[in-house]
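Student: Could you take me through the sheet in this protein, with a close look at how its strands sit together and what lies against them?

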Amino acid sequence: ITMTDYRIQLIKTVEDAVPELRDKIQAGAVDAGTPAPFATFSTPEEKPIRTKNGIVGYDIIFEVAVYDKRVSGAEQLRHKVLAALEGLQIENKRCWYKSYTTDYYPEYDLHSAVLTFRII
């Protein structure tokens, strides 16, 4: 699994499964003026798997955060992203759902759900 290929595949998978997020998935932080719904993608943990022959792969944890003006909209996006990514095969590894959190940002009137996945 290469460090850039899996990100491209994950974003494409989400955009194909959730058309309302097409061209609305950004890496990391989002501009305050971005209209909802949108999503962000981050990789808080990428640990190399080392052997005597060098690095043979990575243990990867990534997050997809979905945002909408309504709680129900964020929940619908969360369910669609989960259905698209759970069990997704990437080369010889699979993407597995770990957990999610929700939040509300009153200054922007936005609801969010942050889904955490692991590629193992």
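Tutor: Let's start with some words: strands (E, at least two residues) and helices (H or I, at least four) are DSSP runs, numbered from the N terminus, and two strands pair if DSSP finds at least two bridges between them. This is a predicted model, where local features need pLDDT of at least 70, side-chain atom pairs count only at pLDDT 80 or more, and totals for chains, interfaces and linings use all residues. Residues are numbered from 1 along each chain as its sequence is written, and side-chain values use heavy atoms, leaving out hydrogens and water.

Now the sheet. It's an open one with six strands, in the order β1-β2-β3-β6-β5-β4, and the pairing is mixed. β1 (25-27) and β4 (89-90) stand at the edges with a single partner strand each, so one side of each has no neighbour in the sheet. Look next at β3 (residues 54-68) and β6 (residues 110-119): they pair in the antiparallel sense over nine bridges. You can spot Val-66 there, standing opposite Ala-113 in β6.

What about the helices? α1 (residues 5-17) lies across β1, β2 (38-51), β3, β4 and β6, and runs at about 145 degrees to β2. α2 (residues 71-85) lies across β3, β5 (93-105) and β6, at about 155 degrees to β3. Those angles run from 0 to 180 degrees between N-to-C directions, with axes as lines fitted to C-alpha atoms, for helices over the stretch in contact; contact means heavy atoms within 4.5 Å.
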